[in-house]
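Trainee: I am new to this structure and should be grateful for a close look at a single part of it. Would you please begin with one local feature and then describe its surroundings in a connected account?

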Amino acid sequence: MDYVRGMERLRLLARRFALDLLIVILAAASAVEVALWHHDEYQPRPAWIAAPAVALVVLPMLGRRRFPFYAPAAVWLLAAAVSFTDSWLIVTPVSMFLAANVAAFLLGNVGDGLQARLGLAVVLCGAVIVVGNQPGHARTELVSIPVMFAIAWGAGYAVRERARHAEAAEQRAIRAEHEGQAAARTAAADERGRIARELHDTIAHAVSVMVLQAGAVRHQLPDACHEHKNVLRDVEQTGRTALTDMRHLLDAMREDGGGVELAPQPGLDRLDGLLKEFGRAGLPVRLSIAGEQFSLPGGVDISAYRIVQEGLTNVLKHAQATEAEVALDFTPDQLSIEVRDNGRGAAGHGDGAGHGLVGIRERVRLYDGEMTAGTQAGGGFRLLARLSLTRRLP
């Protein structure tokens, strides 16, 4: 583990300081090349002056982190200045040629677009000055050599643009992910509110039955049972209060501030009508039922209907399917709901702002169930939801 950590640290250091090391090597190599020349024609000045001078032309690039534009630009400005006194110090060392290309690349790689373009002007002007100060230069070199350095600048500019586009794409991906998460949270909250409103009828009916039964028992008790009658009266009053509070709560949950819907909530007994509606909309649906069908708890019944409805709506809107199938499997402790189609698979089942599979997932989670969704092996999309029948809501 320590070895891996050490190698990772070494890799990071090498990545951070590799270019610095290259700059130092180029500066030293340029100085050595100049110091080893013994031809007076090419080295009219003493080596102890020429070698440090040529190294100092290259070393400003070490400040590129703090001065990303001025550090490489200084290389070209110094090279042009030195060429007025001794052009051979600039044009003769091969290492100086490589250092000039590195400086041109760094100028093209500057983050600021205006500075990058200004860097191109510095490269071209500096190259023309250095070539022009070289005795015996050819006229074509005034064009060809600056073009070579312009190519190095262009490589740096291309790398900069690629990095900028990659960063922009990453920012868009992060923003889209955040927006998608926010939309999913909003959709989940909306679905929870919808589930709560749908369960109102079931819960209200159950509480109303309890209140009525308590009242009926209280009226049948003889007058001598005062304590029992008072207890039942308290039960009735508590039940009525609970119904009123529940209605107020559900009114507050509604986005439009209106009252609770009075229409009865649909269950699997209305599934045939739902499938006929989708058939009229252009999506034939086949229904298959396994196991012995029995009456479901109210909340499970509503959720099962809504899961089928949401699944088929996704198929109709996104899958471009020609047919679909709904399969229900009844067991004593679980209801399985499967919706299949012959459409485009997962690519066609985008859930928009999150109102599709997100809503189904919330309903399944409410009943400690499981949900899977994805492309089938033979093509098409498959949604499978399992609702537990052993858990009852409090």
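Mentor: Helix α11 is followed by D368, whose phi is positive, near 55°. The model is a predicted one, and every value given here is computed from it. D368 is a residue other than glycine, and yet its phi has a positive value. Its place is in the loop between α11 and β4, the latter covering residues 370-375. With a relative accessible area of 51%, D368 is exposed; the cut-off for that word is over 50%.

The helix that precedes this loop has a contrasting setting. α11 spans residues 357-366, and seven of its ten residues are buried, so the helix is largely enclosed by the rest of the structure. The buried residues are L357, V358, G359 and I360, together with E362, R363 and V364. The list thus includes E362 and R363, which count as charged by class.

To place this helix in a wider setting, one may turn to the nonpolar cores. The largest nonpolar core has 37 residues, and those touching the most other members are V57, V58, M61, W76, I90 and L107. Two or more residues come from each of α1 (2-36), α2 (47-58), α3, α4 (88-91), α5, α6 (113-132) and α7 (141-220). The element that gives the most to this core is α5, with eight residues. Apart from this core lies another, of 34 residues, and I360 is among its members, as are V300, L387 and L389. I360 is also one of the buried residues of α11.

Within the largest core, L107 merits particular attention. Leaving aside neighbours within four places in sequence, L107 is in contact with F69, P72, A73 and W76, and also with A116, G119, V123 and W153.

Some of these contacts belong to the meeting of two helices. On the side of α3, the residues involved are P72, A73, V75 and W76; on the side of α5, they are A100, A103, A104, L106 and L107. By class, this contact has nine nonpolar residues, with no polar and no charged ones. As for geometry, the axes of α3 (residues 70-86) and α5 (residues 94-108) come within 8 Å and cross at roughly 140°. The two helices are therefore oblique to each other, since an angle has to be over 145 degrees to count as roughly antiparallel. The crossing in which α3 passes α5 is left-handed.

Methods
Residues are numbered from 1 along each chain as its sequence is written. This is a predicted model: local features need pLDDT of at least 70, side-chain atom pairs count only at pLDDT 80 or more; totals for chains, interfaces and linings use all residues. Side-chain values use heavy atoms; hydrogens and water are left out. Axes are lines fitted to C-alpha atoms, for helices over the stretch in contact, and angles run from 0 to 180 degrees between N-to-C directions. Helices (H or I, at least four residues) and strands (E, at least two) are DSSP runs, numbered from the N terminus. Angles under 35 degrees count as roughly parallel, over 145 as roughly antiparallel, 65 to 115 as roughly perpendicular and the rest as oblique. A crossing is left-handed if the near helix is turned anticlockwise from the far one by less than a right angle, and right-handed if clockwise. Contact means heavy atoms within 4.5 Å. Buried means under 20% relative accessible area, exposed over 50%, partly exposed in between (1.4 Å probe, protein chains only). A nonpolar core is a set of buried Ala, Val, Leu, Ile, Met, Phe, Trp, Tyr and Cys residues joined through side-chain atoms within 4.5 Å.
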